[in-house]
Amino acid sequence: MKKVIEVSNLTKEYKSVRAVNDISFDVYEGEIVGLLGPNGSGKSTTINSILSLLSFSKGSIKIFGEEMSPNLYEVKRNIGVVFQDVAVFDELSVLENIDYFCGLYIKDKSVRKEYVEDAINLVGLLDFKKFYPKQLSGGLLRRLNIACGIAHKPKLIFLDEPTVAVDPQSRNNILDGILKLRSEGATIIYTTHYMEEVEILCDRIIIMDKGSIIASGTSDELKELANIEEKVSVHISELSDEVIEKIKSLKNVEEVNYNGDVLVVIYKKGEDNLVKLMDFLSKNKIRYDKIFSERPTLNDVFLELTGKELRD
Amino acid sequence: MIVFKSFLRVLNKNKAPVILFTVMLVIFGVINFTSNDSTDVFTSSRPDVLIVNKDVNEGITKTFIDYISKRAEIIKLSDNESIDDALFYRNVNYVIYIPLGFRDDIINGNKPSLEVKSTGDYQASLAQMMVNKFLRVVNVYSGDFNDEWQLINYVNSTFSNETNVEITSKLDVDSLSRMATYFNFMNYTMLAGLVFVISIVMTSFKNVNISKRTTMGSMSYRRVNMYLLLSNLVFALVFWLVCMILSFVLLGDILFSLHGVMYIVNSFIFTIVSLTIALLIGNLISNKNAVNGIVNLIALGSSFLCGAFVPVEFMPKSVVNLSRVFPSYYYINSNELIKSMEVVNFESLLPVFKNIIFMLAFVVLFVILINVVSWKKRRFA
Ligand SMILES: Nc1ncnc2c1ncn2[C@@H]1O[C@H](COP(=O)(O)OP(=O)(O)O)[C@@H](O)[C@H]1O
Ligand SMILES: [Mg+2]
């Protein structure tokens with residue numbers, strides 16, 4: 001597969017902070033790559049460095065095989081960026097905003113008109129064409145922000161936390177839109193601190209913390225790293241220490257936590273763990289409300305690797 | 001084109017202040033036009049002048065005093081009236097301080113110095129013209145006479161030829177002064193209208209996040225800036241043209257004169273200065289409310305300090321000195337110079353040219369600052 005982005009040994013320091021620390025990764029054509037990490041882990045800095053919006057201390061960036069620099073306008077023609085902060089003109093309507101930003105790439109008026117229409121449809125703002133940004137809700141504003149970044153039909157798209165503080169409806173619309181862009185052939189870099197999103201969306205995930213890449217791979221590959229096979233949660237209102245000790249000694253059980261309300265049993269491996277636990281509970285005449293089993297999440301992976309939660 | 005189009009769209013959203021200030025200019029012009037029209041012709045042709053003579057009262061100095069006395073009402077102050085009060089209540093239009101050594105300077109061919117105070121109205125301009133004319137005539141003969149007596153003869157004969165001729169007709173002085181008032185007020189209109197609007201529009205385009213996006217476009221950043229600059233220039237010219245058309249409407253064909261042309265040229269230069277001020281503010285400040293405050297401060301502050309509303313003659317010296325840091329000072333000063341100019345020629349225009357050079361220096365300074373600021377902002381950390 002063709003490499004679209006090659007990042008080698010990128011290091012970026014702000015005055016006193018090392019925001020990105022010697023990271024390397026490649027992005028291949030047609031992929032959706034997720035950059036996952038808590039706030040301040042260096043995702044935006046990575047993206048802005050790749051785009052030559054920031055000068056960086058060390059490393060090299062290639063996009064479409066060319067060393068990236070601020071003056072590579074031919075390369076920029078094929079890049080679309082949706083920044084973390086909404087960047088639109090308050091004085092321009094939805095349509096006019098998209099038209100302006102698309103116009104920075106596309107000169108031909110009739111082509112542009114078509115592209116702007118497409119972008120509006122993609123983000124579902126057809127009914128709000130004439131609206132001004134001040135009149136849009138947070139979610140719609142984010143959608144406008146995205147439309148402005150991708151209207152010129154770029155081959156490579158960067159989206160920096162496009163769903164921060166967005167209502168569920170807009171979030172679904174945005175995620176659908178991104179999948180649609182990929183189906184039309186775009187390569188996408190997506191940053192977020194929501195692990196659910198990267199799981200749904202991304203072919204490959206790069207987990208960052210404190211400026212470094214701590215793991216990368218597909219969702220399944222990463223979950224192997226969590227060192228957990230299964231997590232069973234049981235809602236139980238009363239449980240004696242004695243019973244807890246007994247559960248701990250059951251087969252395959254790695255860890256048991258009880259907070260007076262929910263019992264969480266973590267298994268490293270094995271099959272039918274859930275059934276066996278239910279058997280144990282009924283034999284011991286312990287009443288419970290709900291019981292369910294989960295595969296490990298990326299949060300567990302993050303926890304395993306850094307000792308802290310991904311969620312803030 | 002898309003840049004220009006979007007510039008116009010953003011501008012269109014900010015049209016209120018443009019309209020407001022244009023209307024203000026019209027109203028001001030109309031009031032100024034009608035109130036000056038009622039001035040009495042007779043009293044106005046002879047200004048009230050106060051002469052404070054520290055020099056001897058003989059020789060060429062006496063000739064000078066006689067010359068003024070023939071053409072103006074010489075005013076004596078009542079016992080406890082101060083000169084400033086007299087000026088303020090318009091008991092006096094013009095005060096001439098003749099310093100010790102005035103006579104000697106002329107005889108020795110040196111440039112004599114006079115200090116004056118004026119109410120800035122057109123009678124004062126009339127007095128100013130008389131003084132200028134006398135000094136000019138003296139200057140023409142300087143070095144060309146054997147003794148003082150001969151010089152006095154020369155001077156007297158020059159002036160006796162025109163004793164019956166009005167120095168400048170009432171209409172001229174009146175119109176000149178009216179034009180000056182209009183163009184002085186334009187200082188405020190330019191700063192509060194043009195500068196405000198351009199700064200506001202520029203803050204939109206120069207917003208950090210929008211700049212980031214613009215930088216990522218496949219149109220070079222420099223090109224985008226070029227288009228923006230051109231758009232602003234076009235807007236500034238249109239704004240200036242509107243002010244000029246208004247001035248023709250309000251002042252009539254008196255603008256088709258050398259004086260009128262000089263007012264127009266001067267205001268054009270000031271428009272360029274205003275444009276660079278606006279671009280600097282737009283590049284420097286990203287908060288629209290802050291722009292509002294700063295522009296108001298600059299527009300009102302410099303208009304007051306530099307004498308757009310009240311003649312600088314009423315200001316303390318320290319304030320006048322301070323006001324030299326504003327480009328407005330040079331613009332307004334030129335308007336005043338043109339007002340009291342009896343003839344327009346290269347020599348009389350020299351101080352006006354000097355002011356223009358000062359204004360252009362401000363343009364250069366602001367352009368450098370704009371480049372520094374936008375260069376610093378180009379990369380985002
Ligand atoms: N302009 C800046 N100046 C100084 N430090 C910055 C700047 N921008 C970001 N940082 C710091 O760099 C680190 C990474 O920030 P960022 O890339 O924005 O993280 P993320 O996008 O993952 O939330 C943080 O510690 C942040 O405080
Ligand atoms: Mg970020």
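**Reading a predicted model: ligands, backbone and surface**

In this predicted model, H1(A) supplies the largest share of the shell around ligand 1, namely three residues.

Q: Which residues are found around ligand 1?
A: A residue belongs to this shell if one of its heavy atoms lies within 4 Å of the ligand. Here the residues are Tyr14(A), Ala19(A), Pro38(A), Asn39(A), Gly40(A), Ser41(A), Gly42(A), Lys43(A), Ser44(A) and Thr45(A).

Q: Which atom of ligand 1 does a polar side-chain atom of Tyr14(A) lie 3.4 Å from?
A: A polar contact is a pair of N or O atoms within 3.5 Å. For Tyr14(A), the partner is a nitrogen atom of ligand 1. Backbone atoms take part too: a polar backbone atom of Ser41(A) is 3.2 Å from an oxygen atom of ligand 1, and a backbone N or O atom of Gly42(A) lies 3.0 Å from an oxygen atom of the ligand. Of the 560 Å² that ligand 1 exposes when taken alone, the protein buries 63%.

Q: What are the protein donors of the magnesium ion, ligand 2?
A: Donors to magnesium are N, O and S atoms within 2.8 Å of the metal. The protein donors here are OG of Ser44(A) and OE1 of Gln84(A), at 2.0 to 2.1 Å from the ion. This pair links distant parts of chain A, 40 residues apart: Ser44(A) is in helix H1 (residues 43-50), and Gln84(A) is in the loop between strand S6 (79-82) and helix H3 (94-103).

Q: Is Gln84(A) buried, partly exposed or exposed?
A: Buried means under 20% relative accessible area and exposed means over 50%, with partly exposed in between. Gln84(A) has 29%, so it is partly exposed.

Q: Why look at the sign of phi?
A: Because most residues other than glycine have a negative phi, a positive value stands out. Asn9(A), which is not a glycine, has a positive phi of about 50°. Asn9(A) is in strand S1 (residues 3-13) of chain A. Ser52(A), also not a glycine, has a positive phi of about 65°, and is found in the loop between H1 and strand S4 (58-63) of chain A.

Q: How do Asn9(A) and Ser52(A) count, as buried or partly exposed?
A: Asn9(A) counts as partly exposed, at 38% relative accessibility. Ser52(A), at 7%, counts as buried.

Q: Which residues form the nonpolar patch on the surface?
A: Nonpolar side chains are joined into a patch within 5 Å, if their residues have over 30% relative accessible area and no salt bridge. The members are Ile19(B), Val23(B), Ile27(B) and Ile31(B), with about 360 Å² of accessible area together. One of them, Ile31(B), is in helix H2 (residues 15-37) of chain B. Ile31(B) is exposed, with a relative accessible area of 52%.

Methods. Residues numbered from 1 in each chain as written. Chains lettered and ligands numbered in written order. Predicted model: local features only at pLDDT ≥ 70, side-chain atom pairs only at ≥ 80, totals over all residues. Heavy atoms only, no water. Donors = N, O, S within 2.8 Å, 3.2 Å for Na, K, Ca; no water. Helix = DSSP H or I, 4+ residues; strand = E, 2+ residues; numbered from the N terminus. Buried < 20%, exposed > 50% of the residue type's maximum accessible area, 1.4 Å probe, protein only. Patch = residues over 30% accessible without salt bridge, like charges linked within 9 Å, V, L, I, M, F, W, Y side chains within 5 Å. Areas by Shrake-Rupley, 256 points an atom, 1.4 Å probe, with all protein chains shown as cover. Salt bridge = Lys/Arg side-chain N within 4 Å of Asp/Glu carboxyl O. Polar contact = N/O pair within 3.5 Å; in protein donor to acceptor, adjacent residues only side chain to side chain.
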